[in-house]
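Work through the exercises below with the sequence and the model side by side. Each task is followed by a solution in steps.

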Amino acid sequence: MAAIAKRIAEYTKSRPGLYKVMRPLADKYLDLAGYRKVGLVYDDLIAEENDVVQKALKRLPPRLVYDRMFRQRRAMQCSLAHQILPLEEQTKPEEDIHYLRPYIEEVQREFAERKEFDAMVKSQ
């Protein structure tokens, strides 16, 4: 599924006219998703229940782990109070960076390499 999404994104970016039409729609979708209104960034929404993400989270620097937990707790408080943050505290689009994605991709490459190596060892 992720590979299909990646190919669609690459195709869209390679067509300037299509990109020009899709970019505002994508920005509006992200705004309507609502996670920025409670102070979260996109990578805070990634489910922690799989081994790849667990291993990636263990590799995060302590400051990023602290920031992630702070954002999640603040979002939980907003949810419980049925409120959103004031505009100055909401996550701005330029602050919504993928801090966890590089670690996840690194772990996925390592898992794939380990799987290849195990297949080589078993076939001998």
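The exercises cover two helices, a loop, the nonpolar cores and the largest pocket.

This is a predicted model, in which local features need pLDDT of at least 70, side-chain atom pairs count only at pLDDT 80 or more, and totals for chains, interfaces and linings use all residues. Residues are numbered from 1 along each chain as its sequence is written, and side-chain values use heavy atoms, with hydrogens and water left out.

**Exercise 1. Helix α4**

Compare the span of α4 with the expected one, and find which residues of α4 are buried.

Solution. Helices are DSSP runs of H or I with at least four residues, numbered from the N terminus. α4 has 20 residues and spans 29 Å from first to last C-alpha, close to the 28 Å expected; the expected span is 1.5 Å times one less than the number of residues.

Next, sort by accessibility: buried means under 20% relative accessible area, exposed over 50%, and partly exposed in between (1.4 Å probe, protein chains only). Arg-68, Arg-71, Ala-75 and Cys-78 are the buried residues of α4. They lie on the same side of α4 because they cover an arc of only 95 degrees around the axis, the arc being that of the directions from the helix axis to the C-beta atoms. The face turned away from this buried side carries the exposed residues Pro-62, Tyr-66, Arg-73, Gln-77 and Leu-80.

Last, look for the partner: the buried residues of α4 pack against α3 (51–59).

**Exercise 2. The loop after α4**

What is the phi of His-82, and is His-82 buried or exposed?

Solution. His-82 is in the loop between α4 (62–81) and α5 (101–123). Its phi is positive, about 55 degrees, although His-82 is not a glycine. Most residues other than glycine have a negative phi. His-82 is exposed, with a relative accessible area of 75%. Pro-86 is found in the loop between α4 and α5, and Pro-86 is partly exposed at 36%.

**Exercise 3. Helix α3 and the cores**

Determine which residues of α3 are buried, and which elements give two or more residues to the largest nonpolar core.

Solution. In α3, the buried residues are Val-52, Val-53, Ala-56 and Leu-57. These fall within an arc of 130 degrees seen down the axis, so they line one face of the helix. On the face turned away are the exposed residues Asp-51 and Lys-58.

A nonpolar core is a set of buried Ala, Val, Leu, Ile, Met, Phe, Trp, Tyr and Cys residues joined through side-chain atoms within 4.5 Å. The largest has 11 residues, including Val-41, Ile-46, Leu-60, Tyr-99 and Ile-104. α3 and α5 are the elements that give two or more residues to this core, and α3 supplies the largest share, 4 residues. Apart from this core lies another, of 6 residues, among them Tyr-35, Leu-40, Ala-75 and Leu-85.

Then check contacts (heavy atoms within 4.5 Å). Leaving aside neighbours within four places in sequence, Val-52 touches Ile-104, Val-107, Gln-108 and Phe-111. With the same exclusion, Lys-55 is in contact with Val-107 and Phe-111; Lys-55 is partly exposed, at 31%.

**Exercise 4. The largest pocket**

Which elements give two or more residues to the lining of the largest pocket?

Solution. On a 1 Å grid over the protein atoms alone, a pocket is an open set of points with protein on both sides within 12 Å along at least five of seven lines, and lining residues have an atom within 4 Å of a point. The largest pocket has a volume of about 1,500 Å³, the volume being the space filled by probe spheres set on the points, which are joined across faces, edges and corners. Of its 32 lining residues, Ala-5, Ala-9, Tyr-42, His-98 and Arg-101 are the closest to its centre. The elements asked for are α1 (2–14), α2 (16–33) and α5.

Key. 1 Å grid on protein atoms, 1.4 Å probe; cavity = no way out; pocket = protein on both sides within 12 Å on 5 of 7 lines; lining within 4 Å.
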